[in-house]
Amino acid sequence: MEAEGHIDDDSGDEEPASPSDRSETHSTLKTLASKLDDLSTCNDLIAKHGAALQRSLSELESLKVPAEGGEKIKAVNERATLFRITSNAMINACRDFLDLAESHSRKWQRALQYEREQRIRLEETIEQLAKQHNSLERAFREAPTLANPPTAPNTAQGSVRPLKGEASDEDEETEYFDAMEDAPAFITVTADHKQHRRSGSNLSGASGGQHNDWNLEDQGFDSQHQASCNDSAGSEIQLHKKRRSRIPDKPNYSLNLWSIMKNCIGKELSKIPMPVNFNEPLSMLQRLTEDLEYHDLLDRAAKCESSLEQLCYVAAFSVSSYSTTIHRTAKPFNPLLGETYELDRLEEHGFRSLCEQVSHHPPAAAHHVYSRRGWTLWQEITIASKFRGKYLSIMPLGAIHLQFHSSGNHYVWRKVTSTVHNIIVGKLWIDQSGDIDIVNHRTKETCQLKFSPYSYFSRDVPRKVAGVATDSEGKAHYILSGTWDEKMECSRVVHSSHGASSSEGKQKTVYQTLAPKLLWKKYPLPENAENMYYFSELALTLNEPEEGVCVTDSRLRPDQRLMEGGRWDEANVEKQRLEEKQRAVRRRREAEAADALDGGREYEGYQPLWFEKKVDVITGEASYVYKGGYWEAKEKQDWKVCPDIF
């Protein structure tokens, strides 16, 4: 999945679990029975002492005493009688209460036992279903009659849709939508290109011998991987370091997610301890760096003379970052506080990237990318996630900034919500839904992209994305369309008009456009990708060991390195050690803060090394931005200031 990734695994903050509900219930019932016994004993004592008092008063009345003393004894006797009546009433009420409590206690115990047995049976049934499903999947993969089983969804139509039973079985919280809600707010009609041919058009990249009818550059993507499309010359490529093209195959471990997740419904997922069995051997910082898979889109955008054309490329780039998530159902490692990740591709592709985990609760990562091909990108992403029983929602919070050096165009947008379905039973599948509003704050031009959520009843192509690029006056200039897992196209608007109102009274705009141009197309996955966590060619290189990186770099994280090598049991032990080490550091920091407070001193708290918090003048939000110094420290190999986190 995307940086919005998956279930967080910072169980290093978790304390030992409380006693089970069952033992707690037994303890409560035992205490209640003891108190009822005490109450019964007190009732018996009151009755006994009350009777003794009555006898004593009767004996006093029989004595010969002065008249005044007799009156006083008579008054005391009357009070004792009232006390006896009240005590008897209380004794009777207590006896009734005791009988009722004992009767209802037996009923509650029977009901509780029934509910407990029902829950255990349900858990066993679901666990058995999950095991059977895994066995069927393994048997299907190993069937000799299927040399190449369809391990991935069919990308020709985006994906094979989930079975109807899986889709319609979701509860009211499930993010499925009616087909009407998926309908776009506009309709496009392709215009006759002969009437709108631009004379004198001689733009590079035209393919198939067709004329370019409008001025958005078409790079002519083909279906083959164009990993080196940004390189200026073939001779330059030969000087570059050869990157690895495979990692050890994923071990065939039997997974039982239900045994971990059954007690976690509704919880914040950063609090759930998760073994590496559900991870992929990359950190969230590396997944965030994967946003740069199609950095060439920004290189081409930097060359655009028209800001609206540039906006289209930026929109395609924002969609392309989701293409790696389609098969990636494993979760990345949650970075330790202070963990960093660098990707230096300055010589190969003109950019270098740095990420740092700047906060632990909530988990937040800051990212900065500089490209000498004319652009700078920065973002701070905080992950909010909830497990809802049948699906998992991941909401990335934070703005993404992109600035082009020559024009000063400054774009800002935010990520959409990711949803992982079939958490308990069935094949995991991922959906993206929501809106992305990309704004050029220099020109006030905008592009609104809608990621349509999956709907079983919709006739639209799954994973559909549609959008409109408009100028500062709100006039549409380009229509963008495609899918977030395959490609994006762009069509220039030549005419727009208001269409007829729908049955719900909503009026749609009809755009007349020229033939679409391909902006972006997904690279095919490497051979054997299904056994390598469905990593792309870039992802396969992200955790490759490199000399000279910072001592806090994700490549050096031992549990992640062990997991990549297939040594999962050792990786789980190492993961626990790292989490306990992080816990101890946090407790020490909390103790220092408490001491400072008691002494009336100011305590600064944890501060990231390479990023600092500033208020953004555009969004008005405080976020972490790169303050410099990392690449200079790397040049000197001076990492003295770095914490020992591994």
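**Exercise 1. The whole protein**

What share of the 646 residues of the protein count as buried? Find it, then describe the overall make-up.

*Solution.* Start with the ground rules. This is a predicted model, in which local features need pLDDT of at least 70 and side-chain atom pairs count only at pLDDT 80 or more, while totals for chains, interfaces and linings use all residues. Residues are numbered from 1 along each chain as its sequence is written, and side-chain values use heavy atoms, with hydrogens and water left out.

Step 1: of the 646 residues, 46% count as buried. Buried means under 20% relative accessible area, exposed over 50%, and partly exposed in between (1.4 Å probe, protein chains only).

Step 2: the protein has 14 helices and 20 strands. Both are DSSP runs numbered from the N terminus: helices are H or I with at least four residues, strands are E with at least two.

Step 3: take contact to mean heavy atoms within 4.5 Å. Among contacts with a separation of 6 or more, 65% join residues 24 or more positions apart.

**Exercise 2. Two helices**

Compare the end-to-end reach of α9 and α13 with the expected span, then see how each helix is covered.

*Solution.* Step 1: the expected span is 1.5 Å times one less than the number of residues.

Step 2: α9 (residues 307-320) has 14 residues and should span 20 Å; its end C-alpha atoms are 20 Å apart, so the two agree. Of its 14 residues, 14 are buried. At its N-terminal end, Ser306 acts as a cap, with a side-chain oxygen 3.3 Å from the backbone nitrogen of Leu308.

Step 3: α13 (residues 568-598) has 31 residues and reaches 45 Å, close to the 45 Å expected. Its buried residues include Trp568, Leu578 and Ala596. The buried residues of α13 pack against α12 (558-564). Just after α13, Gly600 takes a positive phi of about 70°.

**Exercise 3. The cores**

Locate the largest nonpolar core and one of its best-connected members.

*Solution.* Step 1: a nonpolar core is a set of buried Ala, Val, Leu, Ile, Met, Phe, Trp, Tyr and Cys residues joined through side-chain atoms within 4.5 Å.

Step 2: the largest core has 75 residues, and those touching the most other members include Trp375, Leu402 and Phe451. Helix α9 gives this core its largest share, nine residues.

Step 3: beyond its neighbours within four places in sequence, Trp375 is in contact with residues including Leu292, Phe351, Leu402 and His405. Apart from this core lies another, of 13 residues, among them Val358 and Tyr624.

**Exercise 4. A buried threonine**

Is Thr289 buried or exposed, and what surrounds this residue?

*Solution.* Step 1: Thr289 sits in helix α7 (residues 284-289). With a relative accessible area of 0%, Thr289 is buried.

Step 2: a polar atom of the Thr289 side chain lies 2.9 Å from the backbone oxygen of Leu285.

Step 3: leaving aside neighbours within four places in sequence, Thr289 is in contact with Tyr341, Leu343, Ser353, Cys355 and His367.

**Exercise 5. Two cysteines**

How many disulfides does the structure hold? Check Cys550 and Cys642.

*Solution.* Step 1: a disulfide is a covalent bond between the sulfur atoms of two cysteines. Here the test is a pair of cysteine sulfur atoms within 2.5 Å.

Step 2: the structure holds zero disulfides. For Cys550, the nearest cysteine sulfur is that of Cys642, 3.5 Å away, and Cys550 is in no disulfide.

Step 3: Cys550 is buried at 0% relative accessibility, and Cys642 is buried at 12%.

Notes
Polar contact = N/O pair within 3.5 Å; in protein donor to acceptor, adjacent residues only side chain to side chain.
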